[in-house]
Every structure is written in C-alpha cells, then in structure tokens.
Amino acid sequence: MKRWAILTAIIGLGIFALILAQMRKANVPVGPRAMLNFVADTARELARAPSAITPLSDEEEIKIGDEMARQYEFRLGTGSEDKDNQVIQAYVQKVGGQVAARAHRKLPYRFHYIPNRDFINAFALPGGHVFIGGGLIALMKSEDELADILGHEIEHIDLRHCADRAQLESGARKIPLGGLVVLPIEIFEAGYSKTQELEADKQGTALAVWAGYSPLGTIRMFEAFDRLYQEHVTHSKTPQEELSRVAIQTIEGYFRSHPPTQELTEQIRQMIADNHWENLTQMRKLEVSEMFRHESNKGAPKSPDGK
Ligand SMILES: [Zn+2]
C-alpha cells in the first residue's frame with residue numbers, strides 16, 4: 001500500500017507542477033511529455049514487479065489494445081487518404097509482419113504509420129499494436145533499421161511489458177480492467193524500465209535477424225538518435241525551425257527514458273559476438289526513402305500530443 005501512497009503523491013506533485021507551469025505561461029522546458037516521463041521514471045522504480053496481479057488473458061489484452069488503438073487513431077487522424085502514406089503504411093505492415101513471425105506470443109500484430117515528421121518515436125500498445133512516426137522513419141537509411149525498431153516494439157508486447165504497465169496503471173488509478181481504454185496513450189510512449197528496454201532491444205534484434213535482417217540496424221538507429229540529440233538538444237547549433245519544439249521534446253523524452261546509448265550498443269555488439277553474426281553486415285535499402293526526401297508534413301493533421 002505504501003508505495004501506492006508515494007506514487008500518488010509523486011503524480012500529484014507532477015500534475016501540480018504542470019498546472020503551475022501552464023498558469024505562468026512561462027517558456028519552461030518542462031512539457032507534459034517530460035513530466036510524464038518523470039512520473040514514469042519514478043513509478044517504474046517504485047512498482048517494478050506487478051507480480052501479485054493476475055495477468056490479463058490474451059483475449060482481454062487484445063480487446064483492450066484494439067479499443068486503445070482505435071481511439072488513438074481517431075484522435076490523431078491517420079492521413080490515410082494520402083497515396084504516399086498508404087504506400088508507407090503497407091510497407092511498415094509488411095516489414096513488421098515478417099519480424100513478428102517468430103514472436104513467442106501469437107498475437108495479431110498490427111503496425112500503424114503516423115505520418116508526422118515531429119513524431120520521432122515508436123511505441124507499442126497491449127494486444128499487438130505498434131505505432132511508428134514519420135520523424136523516426138525519416139532518420140533511417142535501411143529496411144534493417146525499420147525491422148530492428150519494429151522488433152523492439154513487438155517485444156514490449158511479446159514480453160508483456162505493455163500489458164503489465166496497463167495493469168499497473170489500472171491498479172494505481174483504481175480503474176477496472178474493462179475501463180483501461182481511458183488510460184492516456186503517453187503511458188505507453190514514455191518507455192519502460194532499463195531492464196525492460198535492454199530486454200526488448202535484445203529480443204527485438206533477434207527477431208529481426210531471424211527474419212533475415214542485420215543487427216547493425218539497431219546500432220545505426222542509436223547513432224542517429226545520438227547525433228540528433230547532440231545537434232538539437234545539447235548544442236542547439238541548428239536553428240529551432242529545423243526541428244520543432246514537439247520533436248525536440250520527443251528526443252529529450254527518449255534520452256530521459258532509455259538507458260545510455262553506449263550501454264545499448266554494447267549489448268548488441270555482445271550479441272553479435274555471441275551468436276557469430278559478424279557477417280550480417282549487408283543492409284537492405286529502405287524502399288520508401290524517396291518519400292522522405294522532402295521536408296513536408298503532409299497528411300499529418302495533428303501532432304502526437306493531439307494539439
Ligand atoms: Zn522501448
């Protein structure tokens with residue numbers, strides 16, 4: 001009971017700080033996303049093991065996830081009337097489907113493209129839904145990077161990280177299981193514990209390799225993130241208009257909620273050595289890269305924050 005009391009106090013404090021910041025209308029660096037990450041950071045430390053809870057059945061999890069995905073797509077708008085977006089959506093589904101083939105849990109894995117260049121992120125919902133933003137795909141050069149990222153998200157579902165988080169939140173907020181769809185999607189965007197992130201990276205990269213992709217895609221993605229962080233967040237060398245505030249917040253959120261890049265890279269290099277994957281260096285071309293050449297945000301009616 002005690003940890004819930006502490007958790008409630010922290011969430012309360014977070015909401016209070018957020019309201020205060022909004023009231024002052026000051027240009028504070030603490031956005032809602034950063035605050036959620038802070039809450040998630042602390043919550044995950046306090047409530048590591050949701051072991052006392054009976055796990056959701058696959059059917060329950062799929063039902064809850066389907067409803068969450070439906071509401072999220074409705075809120076966001078899919079931009080699915082755009083031809084390029086349809087091609088990218090089909091491509092993400094194709095690559096994701098191949099990678100998910102060897103997942104342990106046989107769930108209906110579905111992949112959703114969010115056509116928004118500010119959305120430099122990917123996340124998973126319970127029951128098999130994976131979302132990936134245009135801003136993230138725009139950083140990729142190879143299909144292998146896409147496969148590795150999707151593998152990571154599939155594993156957050158496969159390893160029950162998403163379902164555990166949903167149950168944890170339902171307990172903390174006293175929401176019955178049937179009402180879980182009201183949970184804010186940001187809870188699933190915020191990242192997981194360090195152990196869970198490393199686990200998802202490891203298993204996700206293995207899934208991608210089994211589907212015929214290079215494990216170097218994962219390392220390449222870490223490097224791209226790092227570069228973006230150095231350029232736009234740490235040094236602010238580049239003018240703000242090149243990367244919007246929402247995009248910068250996403251990158252900041254990523255670095256807040258994920259283990260250091262060096263540690264992530266080290267784990268993949270160790271896997272490559274242990275499994276003798278040294279010769280898997282060939283990467284496939286990203287088939288949709290042409291569509292990301294131009295700095296357009298077409299088909300993206302809203303930002304992921306729903307603003
Ligand atoms: Zn993750």
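Two strands are taken to pair if DSSP finds at least two bridges between them. In the predicted model described here, strands β1 and β3 satisfy this criterion, pairing in the parallel sense over five bridges. Within this pairing, Arg-110 stands opposite His-129 of β3. Strand β1, formed by residues 110-114, is mostly covered, with four of its five residues buried.

Strand β3 (residues 129-133) is also joined to β2, in this case by four bridges and in an antiparallel arrangement. Ala-124 of β2 has Val-130 as its bridge partner in β3. Strand β2 comprises residues 122-125; Ala-122 and Ala-124 point one way from it, Phe-123 and Leu-125 point the other way, and all of these residues are buried. Three residues lie between the strands in the hairpin of β2 and β3, where Gly-127 adopts a positive phi near 85°.

These strands belong to a protein chain that contains twelve helices and three strands in total. Of its 307 residues, 52% count as buried. Among contacts between residues at least 6 apart in sequence, 75% join residues at least 24 apart.

The model contains a zinc ion whose protein donors are His-152 (NE2), His-156 (NE2) and Glu-197 (OE), lying 2.1 Å from the metal. The spacing of these donor residues in sequence is H-x3-H-x40-E. Distant parts of the chain are thereby linked by the pair His-156 and Glu-197, which are 41 residues apart, His-156 being in helix α6 (residues 143-158) and Glu-197 in helix α9 (residues 194-210). His-156 has a relative accessible area of 2% and is therefore buried, since the limit for that class is under 20%. Glu-197, at 1% relative accessibility, likewise counts as buried.

A search of the whole structure finds four cavities of 30 Å³ or more. The largest cavity holds about 280 Å³ of space. It is lined by 23 residues, of which Ile-149, His-152, Glu-153, Tyr-254 and His-258 are the closest to its centre. His-152 is also one of the protein donors of the zinc ion. At least two lining residues are supplied by each of β2, α6, α8 (186-189), α9 and α10.

Helix α10 spans residues 216-234 and includes Gly-217. This glycine counts as buried because its relative accessibility is 0%. Gly-217 and Asp-144 are separated by 73 residues in sequence, yet their C-alpha atoms are 5.0 Å apart in space. With neighbours within four places in sequence left aside, Gly-217 is in contact with Asp-144, Glu-145, Asp-148 and Met-283.

The largest nonpolar core consists of 74 residues, among which Ile-132, Leu-136, Ile-137 and Phe-188 touch the most other members. The contacts of Ile-137, again leaving aside neighbours within four places in sequence, are with Ile-88, Val-92, Tyr-113, Ile-132, Leu-286, Val-288 and Phe-292. Ile-132 thus appears both among the core residues that touch the most other members and among the contacts of Ile-137.

Glu-169 is located in helix α7. At 14% relative accessibility, Glu-169 counts as buried, because the threshold for burial is under 20%. When residues up to four places away in sequence are not counted, Glu-169 touches Leu-183 and Ile-187.

Positive phi values also occur in residues other than glycine, including Arg-160, with a phi of about 65°, and His-276, with a phi near 55°. Arg-160 is found in the loop between α6 and α7 (161-172), and is partly exposed, with a relative accessible area of 28%. His-276 lies in the segment after α12 (261-274). With a relative accessible area of 60%, His-276 is exposed, because that class begins over 50%.

Key:
Residues are numbered from 1 along each chain as its sequence is written. This is a predicted model: local features need pLDDT of at least 70, side-chain atom pairs count only at pLDDT 80 or more; totals for chains, interfaces and linings use all residues. Side-chain values use heavy atoms; hydrogens and water are left out. Buried means under 20% relative accessible area, exposed over 50%, partly exposed in between (1.4 Å probe, protein chains only). Donors are N, O and S atoms within 2.8 Å of the metal (3.2 Å for Na, K and Ca); water is not among the atoms, so sites may look incomplete. Contact means heavy atoms within 4.5 Å. A nonpolar core is a set of buried Ala, Val, Leu, Ile, Met, Phe, Trp, Tyr and Cys residues joined through side-chain atoms within 4.5 Å. On a 1 Å grid over the protein atoms alone, a cavity is a set of points where a 1.4 Å probe fits but cannot get out, and a pocket is an open set with protein on both sides within 12 Å along at least five of seven lines; lining residues have an atom within 4 Å of a point. Grid points are joined across faces, edges and corners, and a volume is the space filled by probe spheres set on the points.
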